Amino acid sequence: MTVTPPLVLDVDGTLTRPEGKGIDPRLFDPLREWDAPVVVATGKAFPYPVALCHFVGLSELVVAENGGVVYTGDDVFFTADRAAAQAVVEEYRDAGYDLGWGTEDTVNRWRETEIAVALESPVEPLREIAASRGLEVVDTGYAYHVKDANPNKGTGVERIADHVGFDPETAVAVGDSVNDVSTFELVGRSFAVANADESARVAADEVLEESHADGTLSVLERVRGDTG
Ligand SMILES: O=C(O)COP(=O)(O)O
Ligand SMILES: [Mg+2]
């Protein structure tokens, strides 16, 4: 008899299909029917994971903005300040660079605690300006995130686990990039999908043979407890 573990799931590169084809719908039913808490831990702005949970029919247990925003299902916590990141991007813009998202910029529009910059934009000047203001730049493979070094996905998951009442040591995490290292370090068992970056591969207990959502589906098969 095995018990179904809580899950901590990254989104981009982990629940998605390759080549920008969005979330793999084969995950919807197993996640909705998962017999333990499912925490979505992402670098995306807060509304994105909330909407994902809402439309898939999951409880809203959300770490957004790489730990800057945490929703326990009852309370929202903001653990970093957008103003500091905003100052970095103002200086970056003044130096002639662009965030790369176009005029409406829905990537940052609802972002409360950090700012994301497109991978097409030059990263070295961004890193220099961020460092001079005590912030860091995290490259997830999907965007550069200008953020406070302190909160991370792991601190957010810890807060949710405490509130919901599970031991992170019993949880299983799946992810693909450096912003998942903190959750991999927190939980009892961690998996990097085959498309994961070097940091995630090194931090994970196991690197999967399958990539993207195929990898996550294989983890669900393996760790799901007996129902009877
Ligand atoms: O927003 C990003 O850059 C990456 O998002 P993720 O943490 O869900 O992979
Ligand atoms: Mg990811």
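In the predicted model, Asp10 counts as buried because 29 C-beta neighbours lie inside 10 Å, where 20 or more suffice for that class. Asp10 is placed in the loop that runs between β1 (7–9) and α1 (28–32). When neighbours within four places in sequence are left aside, the contacts of Asp10 are Ala41, Thr42, Val174, Gly175, Asp176 and Asp180.

Two of these contacts, Asp176 and Asp180, appear together with Asp10 in the UniProt record. That record, an unreviewed entry, lists Asp10, Asp12, Asp176 and Asp180 under "binding site". The four positions are spread over 171 residues of sequence, yet they cluster in space, with a largest C-alpha distance of 10.9 Å.

Asp180 was examined in the same manner. The loop that holds Asp180 lies between β9 (172–175) and α6 (181–186). Asp180 has 35 C-beta neighbours inside 10 Å and therefore also counts as buried. Residues up to four places away in sequence not being counted, Asp180 touches Asp10, Lys153, Ala173, Gly175 and Ala200. Gly175 is thus listed among the contacts of Asp10 and among those of Asp180.

At the level of the whole protein, the chain is divided into domain 1, made up of 7–78 and 151–223, and domain 2, which covers 82–147. A distance of 23 Å separates the C-alpha centres of the two domains. Contacts between them involve 15 residues of domain 1 and 13 residues of domain 2. On the side of domain 1 that touches domain 2, six residues are nonpolar, six are polar and three are charged.

Strand β8 (residues 144–147) was considered next. In a regular strand, the side chains alternate between the two faces of the sheet. Both faces of β8 are covered: Tyr144 and Val146 are buried on one side, and His145 and Lys147 are buried on the other.

Strand β8 pairs with two other strands. With β6 (residues 115–117), the pairing is antiparallel and extends over three bridges; here Val117 stands opposite Tyr144. With β7 (residues 136–139), the pairing is likewise antiparallel and extends over four bridges, and Asp139 has Tyr144 as its bridge partner in β8. Tyr144 is accordingly matched with Val117 of β6 and with Asp139 of β7. The strands β7 and β8 form a hairpin in which four residues lie between them. Within the turn, Gly141 has a positive phi of about 90°.

Terms used: Residues are numbered from 1 along each chain as its sequence is written. Chains are lettered from A and ligands numbered from 1 in the order in which they are written. This is a predicted model: local features need pLDDT of at least 70, side-chain atom pairs count only at pLDDT 80 or more; totals for chains, interfaces and linings use all residues. Domain bounds come from an automatic or database domain assignment. Two residues are in contact if their C-beta atoms, placed from the backbone, lie within 7 Å. Ala, Val, Leu, Ile, Met, Phe, Trp, Tyr, Cys and Pro count as nonpolar, Asp, Glu, Lys and Arg as charged, and the others, Gly among them, as polar. UniProt positions are given in the numbering used here, feature names are shortened, and annotations may be inferred rather than shown by experiment. A residue is buried if 20 or more other C-beta atoms lie within 10 Å of its own, exposed if 12 or fewer, and partly exposed in between; C-beta atoms are placed from the backbone. Two strands pair if DSSP finds at least two bridges between them.
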